Amino acid sequence: MNIYDSNLIASLIEKDGNIKAETIENADIIIVNTCAVREHAVNRVLSRIDSLKVLKKRKPYIRIGVTGCVPQQLKEKLLEEKPFIDFVLGPDNLRKITSCIKDKNGTFVKLFDTSLYSDLSPARGELPETFVSAMRGCNNFCSYCIVPYVRGKERSRHIEDILNEVGKLGKLGYKRVTFLGQNINNYKDRGKGLPYLLSEAAKVEGIERISFLTSHPAYFPLKVINVMKDEPKIEKFLHLPLQSGSSRILKAMNRGYTQEKYKGIIDKIRTKIEDIALSTDIIVGFPYETEKDFMETLNLVKMIDFDFAYMFKYSPRKYSLANNFIDTVNEETKRDRLNELIRVQSEVIKKKSEANKGKIFDVLITGENEKNYLASNGITLYNKRVIVKERICTGEIVKVRIEEVKGWTPIGTPVKEPGKNVALGLVPNRQKRRM
Ligand code: SF4
């Protein structure tokens, strides 16, 4: 979502006659778009902002703005402690960026329930894949999470606006879109939900792959799985954050499901799409998490066999309910639990990657490989990034047999398909596409 918002900001600034600076030292306007989801992210942002102080001292005319969730959370701290910042804008106030740049100071951090930026055309990254925002905000209030406080209430874009955007992307040569929403299951526009959006997007000419993030286990509509199964363009991949394998901790997290319910959803999904790829998020060391709770998480991770997991140590976030809980798990225990979880999950990934050797996948070529100009990068229908040992045009879809696995990355060679010519070489994909 932050990448998408950064692109929105870029398009607003470019529309106003500015061009992208090649280096930060050459820039007259510097915008730091921020994430506040974890303490670590905020600390990194604060030190990044501090590193700009010297530039401002050398060139007092440059404009420095901080946008996104950190100013929404910490506007006073930023403005008081870092006077070299010219303006701050919350995620719902990005439209004000050009006036802030021109008018000197500005502080806009109010959350508007209606901000969707549907009429704006964000700058786009390299072909062939991009994000499309389907909704913003979240109403869930998981007890550890700051998002509802900094990104506001859940609201969905009109379906025709989204499909219009996808149609334009298809014409520009984009092949893969990922729909974004903090809680994408709840996408709703005048009675039409996520399954409808996905099946309509699959009809868009030029678009070959469709993915969506992030789903919530408490509200996951199983109808979506039917659409995923029936529609070949929709990736057989689901990101379903577990957060904890202990029902007791899930309750304290206010997640709205139990360990049993989560397992039940996975079973139902795998009954429909046996080989679906699953990824998840897990927090260890949440307040009151005992060794027994942690073991339940570990056991569930082993049982489910996630294809990937984003794993974190718990850190308290201002405003969130859990900020008032006693942080009962000490840092050392959090670190040990995280290391153990990473070890177990790495074994699962290694086992699953090895099992793919010899298998053939349809791979969308996403660009040249940075280390080997005779190879290409690609992504499977199961959301797995692979290296293809041939130089193939970006945007082509080729069958690839996986021969080896390096680290966690599968490497393979294209399988010649009778009657199909694959475009070799690379199309230029380095310029930003505008709609
Ligand atoms: S669903 Fe929970 S974790 Fe996800 S953004 Fe909303 S409050 Fe945060």
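## Backbone geometry, helix packing and ligand shell

P128 sits in the loop that joins β4 (106-108) to β5 (129-133). The peptide bond leading into P128 from L127 is cis, with omega near 10°. The structure is a predicted model, in which local features need pLDDT of at least 70 and side-chain atom pairs count only at pLDDT 80 or more, while totals for chains, interfaces and linings use all residues. Residues are numbered from 1 along each chain as its sequence is written, and side-chain values use heavy atoms, with hydrogens and water left out. Helices (H or I, at least four residues) and strands (E, at least two) are DSSP runs numbered from the N terminus.

A second cis peptide bond runs from L213 to T214, with omega near -5°. T214 belongs to the loop between β11 (209-213) and α9. Most peptide bonds are trans, and most residues other than glycine have a negative phi. Two residues with positive phi are listed with the cis bonds below.

| Site | Backbone angle |
|---|---|
| L127 to P128 | omega near 10° |
| L213 to T214 | omega near -5° |
| F141 | phi near 55° |
| Q243 | phi near 70° |

F141 is not a glycine, yet its phi is positive. It lies in the loop between β6 (135-136) and α6 (147-151). With a relative accessible area of 38%, F141 is partly exposed; for a 1.4 Å probe and protein chains only, buried means under 20%, exposed over 50%, and partly exposed in between.

F141 is also one of the residues around the ligand. The others in this shell are C138, N140, C142, Y144, C145, V147, P148, Q182, H216 and R255. A residue is counted here if one of its heavy atoms lies within 4 Å of the ligand. By class, the shell holds seven nonpolar residues, three polar and one charged. Ala, Val, Leu, Ile, Met, Phe, Trp, Tyr, Cys and Pro count as nonpolar, Asp, Glu, Lys and Arg as charged, and the others, Gly among them, as polar.

Q243 is likewise a residue other than glycine with a positive phi. Its loop connects β12 (237-239) with α10 (247-252). Q243 is buried, at 7% relative accessibility.

S244 has its C-alpha atom 8.2 Å from that of E296, although the two are 52 residues apart along the chain. E296 is part of helix α12 and is partly exposed, at 22% relative accessibility.

Helix α12 (residues 291-304) packs against helix α13 (residues 331-355) at an angle of about 15°, the axes being 10 Å apart. Axes are lines fitted to C-alpha atoms, for helices over the stretch in contact, and angles run from 0 to 180 degrees between N-to-C directions. The two helices are therefore roughly parallel, a label for angles under 35 degrees. The crossing of α12 past α13 is right-handed, meaning that the near helix is turned clockwise from the far one by less than a right angle.

Helix α8 (residues 194-201) and helix α9 (residues 223-230) cross at roughly 15°, with axes that come within 8 Å. That makes α8 roughly parallel to α9. This crossing, too, is right-handed.

Helix α1 (residues 2-15) has 14 residues and spans 20 Å between its first and last C-alpha, close to the 20 Å expected at 1.5 Å a residue. The expected span is 1.5 Å times one less than the number of residues. Its buried residues are Y4, D5, N7, L8, I9, S11, L12 and I13. G17 follows α1 and has a positive phi, near 100°.

Methods: Parallel < 35°, antiparallel > 145°, perpendicular 65-115°, else oblique.
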